[in-house]
Amino acid sequence: MDSVRLIEQWPVDNAAAAVVSADGTVLGRHGDGTRVFRLASVTKLFTAYTALIAIEEGVVELDTPAGPEGSTIRHLLAHTAGLAFDEDRVLAEPGQRRMYSNAGFQWLADALAEHSGIGFKAYQDEALFQPLRLENTRLDGSPGAGAVSTLDDLVLFSAELQRPKLLSPDTLATATRVAFPGVTGVLPGFGHQKPNDWGLGFEIRDGKSPHWTGENSSPRTFGHFGQSGTFLWVDPDAGAACIALTDRDFGPWAAQAWPAFTDAVLAELRR
């Protein structure tokens, strides 16, 4: 795919990108697949997937209490627990506002560790990284923003997000549908969104504007972007996923470059 070469035009020192079909075939790639990049909040996709595995294994349920009083695993995954962005401060009642929170994902990881009896990093490694053979992916910091990975590893994870082997398709379908419909809030970097739709750990494109995916991305597109200059989206209608990793923090350059890149990828997929 020629469109992936557009990353050469980005104002970054290093970048890598790939497009992966629903059956796991790499349709296009550009850049060093083995270079380790900081993922920032793309980390949340790994943490959410680990939580979904734990739910299927019976470690917790979506309605297991976790986090602030009245909050559950479901609230934490959907950023509706009412927690501040990066501190254990309650700003709203559970379920009332979409308050994007790294702190909430720390609560989530702590709850999984408490109920499983296994440290979160060890559980994640055994449940997710090892089975998918993500050999260069690790959690170096917080479960909300502390993972590092490579393009090669994220290609494998993108295939899992389209045809899951570690989860039932029904579980993934639930996680990528809107949780707490109609809730408003701020999408970091793109302002207040009404509604600010989110699934269980996965941000959902829906009709948000502005947004980091393309104008032609389907409403069902889900994924995440990171402040380290990274993103991963899956567009079920296009039958593909796309990963982009850079070593320049998110800023106006990304808000301008990423949607155009995504639309170029989608246009090439439709030819």
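# Pockets, helices and sheets: questions and answers

Author: In this predicted model, the lining of the largest pocket is made up of 11 nonpolar, three polar and two charged residues.

Reader: What makes a residue part of the lining of the largest pocket, and which residues lie nearest its centre?

Author: A lining residue must have an atom within 4 Å of a point of the pocket. For the largest pocket, 16 residues meet that condition, and Ala173, Thr176, Arg220, Phe222 and Pro236 lie nearest the centre. The space in the pocket comes to about 310 Å³.

Reader: Which helix gives the most to this lining?

Author: That helix is α6, with three residues. Both α5 (151-162) and α6 (169-175) supply at least two residues each.

Reader: How do you know how many residues of the second largest pocket are charged?

Author: Asp, Glu, Lys and Arg count as charged. The lining consists of Ala22, Asp23, Gly24, Leu132, Val155, Leu156, Ala159, Glu160, Arg163 and Lys165. Asp23, Glu160, Arg163 and Lys165 therefore fall in the charged class, and Gly24 is counted as polar because glycine belongs with the polar residues. The outcome is five nonpolar, one polar and four charged residues, around a volume of about 190 Å³.

Reader: Why is the crossing of α1 and α3 given the hand that it has?

Author: Helix α1 (residues 43-56) and helix α3 (residues 102-116) pack at an angle of about 35 degrees, and their axes are 11 Å apart. A crossing is left-handed when the near helix is turned anticlockwise from the far one by less than a right angle. The crossing of α1 and α3 is left-handed.

Reader: What makes the residues between these two helices a contact?

Author: Contact requires heavy atoms within 4.5 Å. On α1 the residues involved are Lys44, Thr47, Ala48, Ala51 and Ala54, and on α3 they are Asn102, Phe105, Leu108 and Leu112. By class, this contact has six nonpolar, two polar and one charged residues. Lys44 is the charged residue, because lysine counts as charged.

Reader: How do you know that β4 and β5 pair?

Author: Pairing calls for at least two bridges between two strands. β4 and strand β5 (residues 147-149) are joined by two bridges and run antiparallel, so the condition is met. For example, Leu139 has Ala147 of β5 as its bridge partner. These strands belong to an open sheet of three, in the order β3-β5-β4.

Reader: Why are β3 and β4 called edge strands?

Author: β3 (37-38) and β4 (138-139) each pair on one side only.

Reader: Which strands stand at the edges of the six-stranded sheet, and why?

Author: The order in that open sheet is β2-β1-β11-β10-β9-β8, with antiparallel pairing. β2 (26-30) and β8 (203-204) each have a single partner strand, so one side of each has no neighbour in the sheet. Inside the order, strand β1 (residues 15-21) and strand β11 (residues 240-246) pair over seven bridges in the antiparallel sense, and the requirement of at least two bridges is therefore met. Ala17 has Ala244 of β11 as its bridge partner.

Reader: What is omega for the peptide bond from Lys194 to Pro195, and what is that bond called?

Author: Omega is near 0 degrees and the bond is cis. Pro195 sits in the loop between β7 (191-193) and β8. The bond from Ser209 to Pro210 is also cis, with omega near 0 degrees, and Pro210 is in the loop between β8 and β9 (222-226).

Technical notes. Residues are numbered from 1 along each chain as its sequence is written. This is a predicted model: local features need pLDDT of at least 70, side-chain atom pairs count only at pLDDT 80 or more; totals for chains, interfaces and linings use all residues. Side-chain values use heavy atoms; hydrogens and water are left out. On a 1 Å grid over the protein atoms alone, a cavity is a set of points where a 1.4 Å probe fits but cannot get out, and a pocket is an open set with protein on both sides within 12 Å along at least five of seven lines; lining residues have an atom within 4 Å of a point. Grid points are joined across faces, edges and corners, and a volume is the space filled by probe spheres set on the points. Helices (H or I, at least four residues) and strands (E, at least two) are DSSP runs, numbered from the N terminus. Axes are lines fitted to C-alpha atoms, for helices over the stretch in contact, and angles run from 0 to 180 degrees between N-to-C directions.
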